[in-house]
Amino acid sequence: MQNTLREALMAQATFDITNTDSSNAVKLCLLPGVYNTMKMTQDPTSKEVVVSFSDPAALNAAGYAADQVADDAKFDANATVQVAGVGRVMFRDFLNTVQRVGCTVNKIIIQNKVPAQDIYDQQIEIAKTVIGAKGGMDFITLQNYVNVNAYDRTKITIDLSEEPLELTPEVFMALNIPASAHFSIQFQFNTTVNF
């Protein structure tokens, strides 16, 4: 399928996600909503203290289950699930955009990088966080987007153009990452580059 120039110019953010644990799945929070996930960690190589946004304690206390909160791997090298931006974007850029101005997602593309296909047996959990209460949870079931007739089954496209997904500062988003999983996730936004 050929992309149009308009599609090629759409803003997007792609992240490479790897679960380094070969035995256990990890529930990864991609967006923490209104909750503070900041913690201080020591870089194992330089011994410098750095700020990480990967602490799930506040989320778990509020009833949003998470084992880890996504942050760029260079800020949390000890994290079980490593998250790295692809191209010019860092995960913190994505997080800052959502937390400051929000964005509208038209497509989510997930491409599996390992032979095991269990990443497609998961659901993306989405909720609107509210202080003092737990919002209702919605789910995007990845298996619903697997095309059994497609030649390339390593990739699924979740087309949200009919009902775009509004990522606002209040949105909680999480995904269970199977043991040894390695995949990329791309968010395509409802904005284009204009010349």
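Visitor: Which residue lies over the face of phenylalanine 75?
Guide: This is a predicted model. A Lys or Arg charge sits over a ring if it is within 6 Å of the ring centre and within 35 degrees of the ring normal. Here the distance from the ring centre is 3.6 Å, and the residue is arginine 92.

Visitor: What lies over the face of tyrosine 64, and at what distance from the ring centre?
Guide: The residue over the face of tyrosine 64 is a lysine, number 134. Its distance from the ring centre is 5.5 Å.

Visitor: Which phenylalanine forms an aromatic pair with tyrosine 64?
Guide: The ring centres are 4.9 Å apart, and the cut-off for a pair is 6.5 Å. The planes meet at 40 degrees, so the pair counts as tilted, being neither under 30 nor over 60. The partner of tyrosine 64 is phenylalanine 172.

Visitor: How many residues apart are tyrosine 64 and phenylalanine 172?
Guide: Tyrosine 64 sits in the loop between helix H2 (57-61) and strand E5 (68-69). Phenylalanine 172 belongs to strand E12 (residues 171-177). Both residues are buried. The pair links distant parts of the chain, with a separation of 108 residues.

Visitor: How many residues of E12 are buried?
Guide: Phenylalanine 172, in strand E12, is buried. The strand as a whole is mostly covered. Of its seven residues, the buried ones number six.

Visitor: Which residue in E12 stands opposite cysteine 29?
Guide: Strand E2 (residues 26-32) pairs with E12 in the antiparallel sense, over six bridges. Cysteine 29 falls within the E2 range. Opposite it in E12 is alanine 174.

Visitor: What is the bridge partner of lysine 128 in E12?
Guide: E12 also pairs with strand E8 (residues 123-128). That pairing is antiparallel and runs over five bridges. For lysine 128, the partner in E12 is valine 171.

Visitor: How many aromatic pairs does the structure hold, and at what angle do the planes of phenylalanine 15 and phenylalanine 94 meet?
Guide: The structure holds seven aromatic pairs. One of them joins phenylalanine 15 and phenylalanine 94, 5.4 Å centre to centre. This pair is tilted, with an angle between the planes of 50 degrees.

Visitor: Why does phenylalanine 15 count as buried, and what is its relative accessible area?
Guide: Phenylalanine 15 lies in strand E1 (residues 10-19), 79 residues from phenylalanine 94 in helix H3 (residues 91-100). Phenylalanine 94 counts as buried because its relative accessibility, 3%, is under 20%. Phenylalanine 15 is buried because its value is also under 20%: 1%.

Visitor: Which residues form one aromatic cluster with Phe15 and Phe94?
Guide: Phe15 and Phe94 form a tilted pair. Both belong to one aromatic cluster. The other members are Phe91, Phe187 and Phe189.

Notes
Residues are numbered from 1 along each chain as its sequence is written. This is a predicted model: local features need pLDDT of at least 70, side-chain atom pairs count only at pLDDT 80 or more; totals for chains, interfaces and linings use all residues. Side-chain values use heavy atoms; hydrogens and water are left out. Rings of Phe, Tyr and Trp (its six-membered ring) pair if their centres lie within 6.5 Å; planes under 30 degrees apart count as stacked, over 60 as edge-to-face and the rest as tilted. Helices (H or I, at least four residues) and strands (E, at least two) are DSSP runs, numbered from the N terminus. Buried means under 20% relative accessible area, exposed over 50%, partly exposed in between (1.4 Å probe, protein chains only). Two strands pair if DSSP finds at least two bridges between them.
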